Amino acid sequence: AVVSTQSTGTSQISALTRSHYKESSSLKMKLLLLTALLGAALAEVKYTLETTTQTVDYASSGGYFYLAALDYTGKLINFGLLDNPDKNDFEAGQKDTFEFSSDIDLLELACIIIRAGNQSEDAWMIDTVKFYSDTDEKGFSGRNSDNIWMSGDTSEGSLAMMWCAPPKARAKAMAKQL
């Protein structure tokens, strides 16, 4: 009888240990999931703007230009000044790349707005733009096909320019054709 009591006691201890282990494992899994969700929520998204400057006379600029971006819900991020500190940006025929980070994820990129600041000394003629992010790697691109100048002095050019991705329905139709 003593042997079976010890055996039963061992079985009960073993059952309690398994139960505690399952609860502990479940708690660990919940904590890992919570950590992953918080990490994803706090993760910064990298956004990249590539521009090229026209090659016409005076297309270069030493001016101050700023970037903002929108998603399809109208959410806007103001990224601020376009500037690579160790480089002379906006030179004729040159490609410039600007990188920004934000804790806001626009998911599907819809539009960008580039505007001239009031400190801009001269106009800039953009040739092309390309905008993408970690979460929308395809992004979109555009061209200044009307050769519009941009300047903080509206007698020299437009104060701002906007480029947008194709409307969603059109983009889906184009993808099906490919």
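Reader: How many bridges join strand β6 to β7, and in which sense do the two strands run?

Author: In this predicted model, strand β6 (residues 126-133) and β7 run antiparallel and are joined by 4 bridges. One of the pairings to look for is that of F131, whose bridge partner in β7 is F140. The two strands form a hairpin with 6 residues between them, and in the turn G139 has a positive phi of about 55 degrees.

Reader: Which side chains of β7 are buried, and which are not?

Author: In a regular strand the side chains alternate between the two faces of the sheet. Along β7 (residues 140-143), F140 and G142 point to one face and are buried, while S141 and R143 point to the other face and are not buried.

Reader: Where else do side chains alternate, and which residues point to each face of β4?

Author: Along β4, the face with buried residues takes D96, F98, F100 and S102, whereas K95, T97, E99 and S101 point to the other face and are not buried. Strand β4 pairs with β1 in the antiparallel sense, over 8 bridges, and within that pairing T97 of β4 is the bridge partner of E50.

Reader: Which residues touch the most other members of the largest nonpolar core?

Author: In soluble globular proteins, nonpolar side chains tend to be buried together. Here the largest nonpolar core has 26 residues, of which L49, L67, L82, I112, I114 and F131 touch the most other members. At least two residues of this core come from each of β1 (45-53), β2 (65-71), β3 (76-81), β4 (95-102), β5 (109-116), β6 and β8 (160-164), and β5 gives the most, with 4 residues. F131, named above as the bridge partner of F140, is thus met again among these core residues.

Reader: Is Q54 buried or exposed, and what does its side chain join in a polar contact?

Author: Q54 is found in the loop between β1 and β2, and Q54 counts as buried because its relative accessible area is 10%, where the cut-off for buried is under 20%. A polar contact of 2.7 Å joins the side chain of Q54 to that of N147. Leaving aside residues up to four places away in sequence, Q54 touches A59, A92, G93, M125, I126, D127, N144 and N147.

Reader: What pattern does the whole chain follow along the sequence?

Author: The protein chain has 2 helices and 8 strands, and read along the sequence they follow the pattern α-β-β-β-β-β-β-β-β-α. Among contacts between residues at least 6 apart in sequence, 72% join residues at least 24 apart, and buried residues make up 33% of the 178 residues.

Notes. Residues numbered from 1 in each chain as written. Predicted model: local features only at pLDDT ≥ 70, side-chain atom pairs only at ≥ 80, totals over all residues. Heavy atoms only, no water. Buried < 20%, exposed > 50% of the residue type's maximum accessible area, 1.4 Å probe, protein only. Pairing = 2+ DSSP bridges. Core = buried A, V, L, I, M, F, W, Y, C linked by side-chain atoms within 4.5 Å. Contact = heavy atoms within 4.5 Å. Polar contact = N/O pair within 3.5 Å; in protein donor to acceptor, adjacent residues only side chain to side chain.
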